[in-house]
Amino acid sequence: MNYLMKVTLIGLVSGIAGTGIGGLTAFFVKDVNRRFLSFILELSAGLMTSVVCFELIPEAFTYGGNVLAFAGVFAGVLTMLAVEELMVRYQSAKPKKSSSSLLRTGILMSVGIALHNFPEGFAVGSGFGASVGLGIMITSVIMIHDIPEGIAMAVPMRAGGLSGSKAFIITVLSGAPMGIGALAGALLGGISPKFIGVCLGFAAGAMLYVVYGELVVESKKLYLGRLSSIGNVLGIICGIIVTLLN
């Protein structure tokens, strides 16, 4: 029991610390420069694209096989479509604001990141089950790439009209599922690899839709110059580096 508590706490603390550090930007940005905001959105989009394409999806195929991995990806996309539709209907009943789309982007980001933090917690729990060194390495890598994800959540929500404290709390809470995933990974070390593959595919699909259905779209609305494209490329490169460290 002591071991399970330690692994759960490590997953929980690392999850909320990564997104929380990025979420601190909510207290420093409000009327942020449109080019800078576009750059940050594209940087995070590129980073998450790398993590999804070079880490989550390959692992999903490894564990679940082609059919289950693709099923998980499509399920993740459909879930985010449903979440977006609910948010659009909710916002249509309220007075229109020019910043509402940015707020929706930030909230969808938080939902997507919370979803993919759960299988990352699985990786932490199973990593510590294999060896302490492997568990520490996986935890460190996940914390690093959670920081720009926290920025990608906090900045649109803040620019969309949410208060700094509320935006920060949402970014912190989005990291909490990693603790639950770490506990599940430690408890269910012998779980069917097929199930893990579906979970990873689901998270990958959810994140891909958020990136290309919301994040990149909002970035281009803000700024169409080269800076945003450079941010996307830099994000992909940084994501590759982070993945190689794993």
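This passage describes the packing, ring pairs and polar contacts of a predicted model.

The nonpolar interior was examined at the outset. The largest nonpolar core of the model holds 37 residues. Met48 and Met109 have the most contacts inside this core. Several helices contribute to it. At least two core residues come from each of α2 (34-92), α3 (100-130), α4 (132-159) and α7 (193-222). Another core, of eight residues, lies apart from the largest one. Its members include Leu4, Val124, Ile142 and Ala182. In soluble globular proteins, nonpolar side chains tend to be buried together.

The surroundings of Met48 were then listed, leaving out residues up to four places away in sequence. Met48 touches Met109 and Ile113. Met48 also touches Met207, Val211 and Leu215. Glu149 is a further contact of Met48.

Helix α1 comprises 22 residues. From its first C-alpha to its last, α1 reaches 31 Å. This is close to the 32 Å expected at 1.5 Å a residue. The buried residues of α1 are Leu4, Val7, Thr8, Gly11, Ser14, Gly15, Gly18, Thr19, Gly20, Gly22 and Gly23. Of these, Leu4 is also a member of the eight-residue core.

Aromatic rings form three pairs in the structure. In one of them, the ring centres of Phe27 and Phe168 lie 5.4 Å apart. Their planes meet at 50 degrees, so this pair is tilted. The two residues are 141 residues apart, and their pair links distant parts of the chain. Phe27 sits in the loop between α1 (2-23) and α2. Phe168 belongs to helix α5 (residues 164-173). Phe27 counts as partly exposed, at 46% relative accessibility. Phe168 is likewise partly exposed, at 24%.

Phe61 and Phe70 form an edge-to-face pair. Their centres are 5.2 Å apart, with 70 degrees between the planes. Phe61 is partly exposed, with a relative accessible area of 28%. Phe70 is also partly exposed, at 46% relative accessibility. Ring pairs join Phe61 and Phe70 with Phe74 in a cluster.

Polar side chains were considered next. Ser50 lies in helix α2. Ser50 has 1% relative accessibility; the limit for buried is under 20%, so Ser50 counts as buried. A polar atom of the Ser50 side chain lies 2.7 Å from the backbone oxygen of Ile236. Neighbours within four places in sequence aside, Ser50 contacts Ile236 together with Gly235, Gly239, Ile240 and Thr243. Glu55 is in contact with Ser50 as well.

The structure holds one salt bridge. The side chains of Glu42 and Lys220 meet in this bridge, at 3.3 Å from N to O. Glu42 lies in helix α2 and Lys220 in helix α7, so the pair ties together parts that are 178 residues apart in sequence. Glu42 counts as buried, at 1% relative accessibility. Lys220, by contrast, is partly exposed, at 29%.

Helix α2 recurs in these results. Helix α2 is among the helices that supply the largest core. Helix α2 also contains Ser50, and Glu42 of the salt bridge lies in α2.

Note on methods
Residues are numbered from 1 along each chain as its sequence is written. This is a predicted model: local features need pLDDT of at least 70, side-chain atom pairs count only at pLDDT 80 or more; totals for chains, interfaces and linings use all residues. Side-chain values use heavy atoms; hydrogens and water are left out. A nonpolar core is a set of buried Ala, Val, Leu, Ile, Met, Phe, Trp, Tyr and Cys residues joined through side-chain atoms within 4.5 Å. Buried means under 20% relative accessible area, exposed over 50%, partly exposed in between (1.4 Å probe, protein chains only). Helices (H or I, at least four residues) and strands (E, at least two) are DSSP runs, numbered from the N terminus. Contact means heavy atoms within 4.5 Å. Rings of Phe, Tyr and Trp (its six-membered ring) pair if their centres lie within 6.5 Å; planes under 30 degrees apart count as stacked, over 60 as edge-to-face and the rest as tilted. A polar contact is a pair of N or O atoms within 3.5 Å; within protein, one must be able to donate a hydrogen and the other to accept it, and residues adjacent in sequence count only if both atoms are side-chain atoms. A salt bridge is a side-chain nitrogen of Lys or Arg within 4 Å of a carboxyl oxygen of Asp or Glu. The expected span of a helix is 1.5 Å times one less than its number of residues.
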